[in-house]
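Please examine the sequence and the structure shown below, with attention to the bound ligand.

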Amino acid sequence: MKRKGILVVVSGFSGAGKGTLMKQLLQTYNNYALSISMTTRAPREGEKDGREYFFVTKDAFEDKIKQDELIEYASYCENYYGTPKAYVEEQLAAGKDVILEIEIQGALKIKERFPLALLLFVMPPSAEELIKRLEGRGTETAEVIKKRLIRASEEAKGIEEYDYIIVNNDLKECTRRLHELIEAAHNAPLRNIELIENMRQELEALVKGEN
Ligand code: 5GP
């Protein structure tokens, strides 16, 4: 039986190192597809349309909402961010585990719509380290960094909604743990209903045959 793909949500404070972690995960293992989100925020230096994000205007984004082309969307630090539906559906159907690197409001919407989605939260080793990483990135103004820190402290209130947390102190180790958690999730009974049902029917048939 072909293994079904899992929808994997990865959240974490801005600066927790999610982006690098996702890149490493995709480079190391080949069963993952990373969803590319749509956003109204301006590209950072070095970001390319269609690679990090699909960068669109507010009007274009609101159009996508109306056309029901997004699985979820949220507003974050005054910009829209959303997950295009088509790619996710295609990749799941192809058996890939699809990663959505999204913030908490979107994550909770996904949990509501897809109860079997796996929700993971990446934590920095400490709050101090988070600030260091945000400042070290050198791509954001002090004002934006401040907004992101405020947002982080709000997001910290919702971490219990996630299935697992992963502390990102070493990239390789963290990538391996992430992969192992997703692999383990594949073995949960609720994600294997068909297999279990088949086994039950075969057992019943055997029991009947013996009578
Ligand atoms: P950034 O501007 O740093 O690239 O992203 C800001 C936040 O938006 C991050 O927490 C990121 O995970 C989240 N984000 C990115 N894409 C999406 C999306 O499609 N939906 C939602 N809900 N959040 C997203």
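The following paragraphs treat the ligand site and then the salt bridges.

This is a predicted model, in which local features need pLDDT of at least 70, side-chain atom pairs count only at pLDDT 80 or more, and totals for chains, interfaces and linings use all residues. Residues are numbered from 1 along each chain as its sequence is written, and side-chain values use heavy atoms, with hydrogens and water left out.

The ligand is surrounded by 16 residues, a residue being counted if one of its heavy atoms lies within 4 Å of the ligand. The closest are S37, R41, Y53, Y81 and E103. By class, this shell comprises 5 nonpolar, 4 polar and 7 charged residues; Asp, Glu, Lys and Arg count as charged, Ala, Val, Leu, Ile, Met, Phe, Trp, Tyr, Cys and Pro as nonpolar, and the others, Gly among them, as polar. Strands β5 (70–76) and β6 (79–84) each supply at least two residues of the shell, strands being DSSP runs (E, at least two residues) numbered from the N terminus.

Polar contacts, pairs of N or O atoms within 3.5 Å, link protein and ligand. A polar side-chain atom of R41 lies 2.6 Å from a ligand oxygen atom, and one of E72 lies 2.8 Å from a ligand nitrogen atom. At G82, a polar backbone atom is 3.0 Å from an oxygen atom of the ligand.

The structure also holds 22 salt bridges, each a side-chain nitrogen of Lys or Arg within 4 Å of a carboxyl oxygen of Asp or Glu. One of them joins D68 to K85, with the closest N and O atoms 3.2 Å apart. D68 lies in the loop between α2 (58–66) and β5, and K85 in helix α3 (residues 85–93), so the pair ties together parts that are 17 residues apart in sequence; helices are DSSP runs (H or I) of at least four residues.

Terms used: A polar contact is a pair of N or O atoms within 3.5 Å; within protein, one must be able to donate a hydrogen and the other to accept it, and residues adjacent in sequence count only if both atoms are side-chain atoms.
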